[in-house]
Amino acid sequence: MIALLLALALAPAGDIVPRRWLAIEAVDLPGRRPFRPDQVYGECVVAGVAPDTQRAWIGESGVERRFAPMEADESGALPGPFAWAWTTIESDSERVVLARLSGAARGFVNQAPVTGDVYGYGWPGVPVLLKKGPNEIWIAGPRGRASLRFVEPQGEILFGDWDLTKPDLVAGEPRRAQPPRAGVLLVNATTRAIAPRLMECVGEPPRVAPISRAIQLPPIAPLSLAKVALPLWGFERAPREPGATRFHFAIDTKTSRTLHSFELAVRASDAPRLATFESGIDGTVQVLGLLAPTDAANLDPRVVLSLHGAGVDAWGQINAYSRKAGWLHIAATNRRPYGFDWQDWGRIDAYEALAAGLRAHRGEPAAWMAAPRAQCCDARVYLNGHSMGGHGTWHLAANDPDRFLAIAPSAGWVDFDSYGSRPQGELRESWHAADGASRTLELVSNLAQVPTYVVHGTADDNVPASEARTMIDALARAGAAPRAHFEEGAGHWWDGERAAGADCLEWPGVFEMYAEHDRAEAPRRLAWRGVDPSVDSTHHWLEVRQVERHGEPFEIEAELDAAGALAIRARNARRLRIGGRIPGWNGELVVDGQRVDGADSRHVARLEDGWRAVAEGADDAAGEKTPELSGPFKRVFDRRFVFVVGTAGTRAETELLLARARGDLQQWWYRGNGSCEIVSDTQLRADAARHAGRNLVLYGNADTNSAWERLLADSPLVARRGCMRLGEREWRGDALGAVFVRRASFGPEGAEEPCLVGVFADSGRPGALAGFNLAPFTSGVGYPDYAIWGEELHAKGDGGVLAAGWFDHAWKLDGRGFARADADSKSGATKRAGKEQGR
């Protein structure tokens with residue numbers, strides 16, 4: 001039947017356009033959740049089974065669905081609608097091609113994941129290996145009209161000029177000690193690792209000369225990519241006049257050398273421009289928009305940090321503003337035009353861009369380098385954003401209310417549950433607790449402390465004005481008096497004659513309110529609610545370094561009395577640090593009614609006998625959780641993280657783990673303009689010095705990844721072939737999988753540095769393939785410190801999760817985690833304990 005429906009496309013050298021497909025509409029529901037049911041994925045993609053057109057599928061949608069033929073046009077575009085589509089192509093040889101999947105989120109080629117160009121940037125694809133004979137193709141998650149074609153790569157290492165992250169040059173700028181940096185994409189279209197060199201080109205015509213400067217890059221994994229930092233040699237001094245120029249460089253692989261170039265804009269010093277900086281998340285080059293004040297020599301201007309809407313970039317955002325005396329505008333990027341909704345790494349990007357923009361304006365020599373995330377800098381910062389950036393304005397200020405002197409969300413939505421909503425599920429509260437920063441309304445008491453001006457169009461058909469009114473009403477109930485302007489009849493984006501820039505961002509009332517608020521002395525009274533120290537640990541002069549129960553918010557009230565004694569009331573806080581200057585404090589400290597005495601009462605912890613003074617850094621020295629080294633799981637994707645693929649298993653196991661790591665890297669690159677190294681477990685050990693202190697993400701289990709023994713010897717969660725153990729509970733089968741995060745130390749012997757270790761664990765091939773369906777790089781999706789799933793994941797979603805929860809401050813099981821009763825799961829535990837236990 002299938003053979004009659006589908007003509008296997010013979011694939012000689014050249015482009016391949018699959019035309020005949022079998023497609024099905026949604027059986028299960030999409031949405032932002034960590035474990036969603038997907039019967040088609042589980043029973044077809046994971047099982048390696050072609051779809052049956054006679055079968056009726058019924059899932060979460062409640063609608064009976066069947067696979068049916070669908071034909072693509074000559075360009076490879078499918079007419080839709082569909083949720084999954086399947087085809088096969090036949091290749092006359094094993095060869096590498098570029099899978100150009102557009103308008104769809106993802107695909108699979110012989111079970112290997114492929115990231116699609118879902119937002120339609122027009123990028124030419126990622127490398128995949130076609131085997132000789134038939135090749136199984138799946139695509140999923142269309143956004144509009146999806147299309148697929150396979151293109152012959154033009155070379156071994158491809159320069160991705162379609163995805164450049166580059167700065168503008170400033171005409172007449174003084175000579176720099178170091179050249180600015182650009183981020184360039186390199187694609188390895190071979191089945192071997194290649195370590196290229198980037199080389200300076202000089203002269204006319206441009207060429208590589210004996211005096212040319214060069215940088216040696218780490219190996220790029222087979223069929224993978226890297227977004228690397230490229231020094232713009234020769235532009236330590238910019239051209240004298242505005243205009244455009246070209247930068248030339250070479251890529252050398254020992255077996256080949258290719259010359260490339262790209263254009264750089266040269267801007268006037270008083271014009272909007274782009275600047276680049278190195279991100280501490282992954283070491284990549286990121287970009288920001290910069291608009292200097294008219295009094296450009298002012299090194300202490302007020303700063304507007306601006307957050308763009310979905311599909312907008314930093315250049316479009318910075319050009320929506322006008323220059324003003326005393327005001328510096330910085331437009332962050334959210335890592336991409338769609339990025340992370342200004343959450344997760346988008347939130348971090350905003351802080352990094354703020355710090356880097358300030359350094360660039362001040363002309364600091366290393367302005368491009370990784371900068372502190374600015375949460376404690378002394379700049380006068382005001383937050384402004386539109387649409388998704390309006391949501392980002394609410395989000396950043398709700399989680400970090402002392403950073404901003406005033407905020408002005410325009411056309412902003414409240415959170416994922418008010419704007420679009422997140423699907424329900426058995427463990428919904430657990431997942432949302434792991435993403436507590438998303439819960440804007442639960443943090444409204446923080447926002448009530450920040451002067452706010454809300455702007456919205458009454459006829460906005462993208463983000464309804466009800467979102468703004470919801471926040472205004474919530475703030476009023478919390479005792480605040482936000483100002484607002486609703487432009488009658490205006491839609492989502494609107495402009496007029498009231499402001500020199502775009503009215504919906506530069507509304508005059510906004511800047512009038514901004515001007516009313518300047519630096520003030522540190523407050524004598526604090527009231528603060530936080531979701532987790534890993535999101536924001538510091539409020540003015542008080543830091544919460546540890547909580548008692550993860551997944552629950554903490555609350556702090558602190559006040560100096562007339563005599564100068566400091567009284568703190570802390571709910572769900574375990575360790576506090578008092579930092580900075582508190583005007584009038586006499587050193588006396590009372591926490592929860594208990595006087596704390598000690599040599600240094602600035603560092604206190606709730607111990608078994610109550611609050612006590614403790615040594616500074618004792619938590620870090622003991623290997624405990626700290627704000628910098630803590631869960632939840634997604635926190636591991638920071639600190640220049642590295643993917644570590646297990647090679648201690650069979651060749652098939654190693655290839656599967658490498659495919660998973662490649663797929664995750666593609667997602668991180670596409671969604672977050674990011675990159676990371678993919679190394680084997682043996683390479684990690686051999687090059688320990690270079691990876692010391694970096695977060696590590698392991699793929700495999702204790703049998704297939706040799707790094708497990710060194711990094712996870714004390715882990716209460718252990719995965720092996722055919723089984724998985726958590727404390728005293730053990731499950732058996734090859735369809736088990738887990739994600740979890742631990743603290744460890746890594747580096748050369750005697751020079752180890754602390755880091756986080758995240759794990760994508762499995763007990764066998766089905767468990768590993770199930771993990772391909774997770775969503776770690778999707779905003780609004782939270783994973784706690786650990787989660788384990790079984791074979792029912794694809795059918796039941798949350799119902800297939802066997803255990804999930806948090807480690808305590810000392811990285812032990814906290815006894816509060818979810819664990820499914822044996823009778824409720826096919827993957828029954830072989831051991832039981834009254835509650836979770838761990839080392």
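**Reading a predicted model, feature by feature**

User: Which residues is phenylalanine 150 in contact with, once its neighbours within four places in sequence are left aside?

Analyst: In this predicted model, phenylalanine 150 is in contact with Gly14, Asp15, Ile16, Pro18, Ile89, Val97, Leu98, Ala99, Val109, Val128 and Ile137, leaving aside neighbours within four places in sequence. Phe150 also belongs to the largest nonpolar core, which has 106 residues, and it is listed with Phe35, Phe637, Phe643, Leu698, Leu711 and Ile788 among those with the most contacts inside that core.

User: Which strand gives the most to this core?

Analyst: Strand β5, residues 95-109, gives the most to this core, with seven residues. A second, separate core has 46 residues, including Ala275, Leu358, Phe416 and Val535.

User: How should I read a helix, and what distance separates the end C-alpha atoms of α4?

Analyst: One compares the span expected at 1.5 Å a residue with the distance in the model: for the 17 residues of helix α4, residues 345-361, the expected span is 24 Å, and the end C-alpha atoms are 24 Å apart, which agrees. Burial is a further point to read, and since 17 of the 17 residues of α4 are buried, this helix is largely enclosed by the rest of the structure. Helix α5, residues 388-399, reaches 16 Å from its first C-alpha to its last, close to the 16 Å expected, and because twelve of its twelve residues are buried, α5 is likewise largely enclosed by the rest of the structure.

User: What is the sign of phi in most residues other than glycine?

Analyst: Most residues other than glycine have a negative phi, and most peptide bonds are trans. Against that background, aspartate 344 has a positive phi of about 50° although it is not a glycine; it is found in the loop between β20 and α4, and it counts as buried because its relative accessibility is 14%, where the cut-off for buried is under 20%. Alanine 411, in the loop between β22 and α6, has a positive phi near 55°.

User: Where are the cis peptide bonds that join glycine 80 to proline 81 and glycine 631 to proline 632?

Analyst: Proline 81, whose cis bond with glycine 80 has an omega of about -5°, lies in the loop between β3 and β4, whereas proline 632, whose cis bond with glycine 631 has an omega of about 0°, is found in the loop between α11 and β35.

User: How far from aspartate 532 is the nearest side chain of opposite charge?

Analyst: That side chain, arginine 635, is 6.6 Å away, and aspartate 532 is buried yet has no salt bridge. A polar contact of 2.7 Å does join the side chains of aspartate 532 and serine 534.

Note on methods:
Residues numbered from 1 in each chain as written. Predicted model: local features only at pLDDT ≥ 70, side-chain atom pairs only at ≥ 80, totals over all residues. Heavy atoms only, no water. Helix = DSSP H or I, 4+ residues; strand = E, 2+ residues; numbered from the N terminus. Expected span 1.5 Å × (residues − 1). Buried < 20%, exposed > 50% of the residue type's maximum accessible area, 1.4 Å probe, protein only. Core = buried A, V, L, I, M, F, W, Y, C linked by side-chain atoms within 4.5 Å. Contact = heavy atoms within 4.5 Å. Lys, Arg positive; Asp, Glu negative; His and termini not counted. Salt bridge = Lys/Arg side-chain N within 4 Å of Asp/Glu carboxyl O. Polar contact = N/O pair within 3.5 Å; in protein donor to acceptor, adjacent residues only side chain to side chain.
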